[in-house]
Amino acid sequence: MNTDLSSDPQASQADKRAAHEINKLSKRLHRQVGDAIRDFAMIEQGDRVMVCLSGGKDSYSLLDILLNLQQRAPIDFSIVAVNLDQKQPGFPADVLPAYLKSRGVEFHIEEQDTYSIVKRVIPEGKTMCSLCSRLRRGALYRVAGELGATKIALGHHRDDFLGTIFLNMFFQGRLKGMPPKLVSDDGKHTVIRPLAYVVETDLERWAEHRAFPIIPCSLCGSQENLQRVQIKQMLREWDRKHPGRIDNMHRAFSEVVPSHLMDRKLFPFETIRPSGVADPQGDKAFDEDDEGCATPAIPEISASQPVTFMTRS
């Protein structure tokens with residue numbers, strides 16, 4: 001996908017800069033998705049990948065990137081796009097089929113009136129996500145079996161991973177995130193999340209650039225006070241005030257030290273005893289890389305420099 005306008009003498013400098021940024025974005029997105037697929041062995045030779053397409057920016061981007069990667073991947077795999085038409089009022093049923101036909105991708109539209117069920121069961125003003133998610137999941141698992149899909153690809157991105165772990169900590173009292181790859185709870189399907197390394201703001205930019213025909217959700221999209229929405233705002237504020245913090249938090253998902261948590265199912269605390277042998281994983285009074293508490297290095301100073309002392313609270 002070449003958007004470089006540098007060879008066009010009529011292109012303005014602004015156009016050239018914009019095209020350069022889009023090229024960088026495209027390379028980053030495709031690299032990150034490719035890395036996630038490789039790191040977690042998400043897609044294998046001969047797989048039939050069912051991409052769940054909701055009509056939002058994330059699933060559109062996932063399908064778009066997978067279609068591009070499919071053309072140059074070292075393995076052969078097929079893609080089928082699936083949308084669950086939940087019969088929401090005003091849902092433009094022609095939009096997704098038209099788009100998918102224009103991309104030449106195999107697709108299936110599953111019609112199931114989960115909207116009426118959710119509206120009937122959940123009281124007005126209460127969170128609808130849990131029931132809606134369960135109904136969608138059951139329908140999609142069934143369709144995956146009917147279509148012979150070996151993998152179910154969902155469009156959750158890096159920010160979703162972070163948001164989920166905070167939701168579970170704050171409201172469920174458990175340290176649980178969102179896995180990049182896992183067998184479904186019915187034991188029959190492998191669910192993958194190839195956008196695991198991708199930042200949501202990059203997906204927003206990509207969706208705008210690609211002009212996806214976005215379809216808003218009148219269920220979860222209408223609930224502005226959702227805890228997930230508030231967590232998302234918190235993370236974005238952190239990212240704005242403390243650049244790099246979110247990157248470090250995401251990196252921590254892959255740097256887990258069970259002995260330094262408190263889950264007795266993961267580490268045998270009741271049986272450990274000192275062995276007299278040095279253990280680099282053992283407890284330290286202060287970690288060497290703990291910048292929050294470690295004593296700062298004292299810089300060399302010349303006799304002519306004034307000496308000041310700072311205290312740390």
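Helices (H or I, at least four residues) and strands (E, at least two) are DSSP runs, numbered from the N terminus. This is a predicted model, where local features need pLDDT of at least 70, side-chain atom pairs count only at pLDDT 80 or more, and totals for chains, interfaces and linings use all residues. Residues are numbered from 1 along each chain as its sequence is written, and side-chain values use heavy atoms, with hydrogens and water left out.

**Exercise 1. Find out how many helices and strands the protein has, and how the strands are ordered in the sheet.**

Step 1. Start with the count: nine helices and six strands.

Step 2. Now line the strands up. The six strands make an open sheet with mixed pairing, in the order E3-E2-E1-E4-E6-E5. For two strands to pair, DSSP has to find at least two bridges between them.

Step 3. Look at the edges. Strand E3 (106-111) and strand E5 (181-183) each have a single partner strand, so one side of each is left without a neighbour in the sheet. From one strand to the next, the twist averages 25 degrees.

Step 4. Check two of the pairings. E1 and E2 run in the parallel sense over five bridges, and cysteine 52 has valine 82 in E2 as its bridge partner. Strand E4 (residues 151-153) and strand E6 (residues 190-192) also pair in the parallel sense, over three bridges; here lysine 151 stands opposite threonine 190 in E6.

**Exercise 2. Work out which strands helices H2 and H3 lie across.**

Step 1. Get the terms straight. Contact means heavy atoms within 4.5 Å. Axes are lines fitted to C-alpha atoms, for helices over the stretch in contact, and angles run from 0 to 180 degrees between N-to-C directions.

Step 2. Take helix H2 (residues 57-72). H2 lies across strand E1 (48-52), strand E2 (78-85) and E4, and its angle to E2 is about 165 degrees.

Step 3. Move on to helix H3 (residues 95-103). H3 lies across E2 and E3, at about 170 degrees to E3.

Step 4. See how covered E2 is: seven of its eight residues are buried. Buried means under 20% relative accessible area, exposed over 50%, and partly exposed in between (1.4 Å probe, protein chains only). Over the protein's 313 residues, 35% count as buried.

**Exercise 3. Describe the surroundings of glutamate 200: where does it sit, and what does it touch?**

Step 1. Glutamate 200 belongs to helix H7 (residues 200-210). With a relative accessible area of 4%, glutamate 200 is buried.

Step 2. List the contacts. Not counting residues up to four places away in sequence, glutamate 200 touches Lys57, His157, Asp159, Lys232 and Arg236. The side chains of glutamate 200 and arginine 236 are joined by a polar contact of 3.1 Å. (A polar contact is a pair of N or O atoms within 3.5 Å; within protein, one must be able to donate a hydrogen and the other to accept it, and residues adjacent in sequence count only if both atoms are side-chain atoms.)

Step 3. Follow the trail to histidine 157. Glutamate 200 and histidine 157 are 43 residues apart in sequence, and C-alpha to C-alpha they are 6.4 Å apart in space. Histidine 157 lies in the loop between E4 and helix H6 (158-171), and with a relative accessible area of 1% histidine 157 is buried. The side chain of histidine 157 also reaches the backbone nitrogen of aspartate 159 at 3.2 Å.

**Exercise 4. Find how many aromatic pairs the structure has, and examine the pair of phenylalanine 40 and tyrosine 197.**

Step 1. Know the rule: rings of Phe, Tyr and Trp (its six-membered ring) pair if their centres lie within 6.5 Å; planes under 30 degrees apart count as stacked, over 60 as edge-to-face and the rest as tilted.

Step 2. Searching the whole structure gives eight aromatic pairs. For phenylalanine 40 and tyrosine 197, the ring centres are 6.2 Å apart and the planes are at 55 degrees, so this pair is tilted.

Step 3. Place both residues. Phenylalanine 40 is in the loop between helix H1 (13-39) and E1, and tyrosine 197 is in the loop between E6 and H7, so the pair ties together parts 157 residues apart in sequence. Phenylalanine 40 is partly exposed at 28% relative accessibility, and tyrosine 197 is partly exposed at 23%.

Step 4. Finish with the cluster that ring pairs make from Phe166, Phe170, Phe171 and Trp238.
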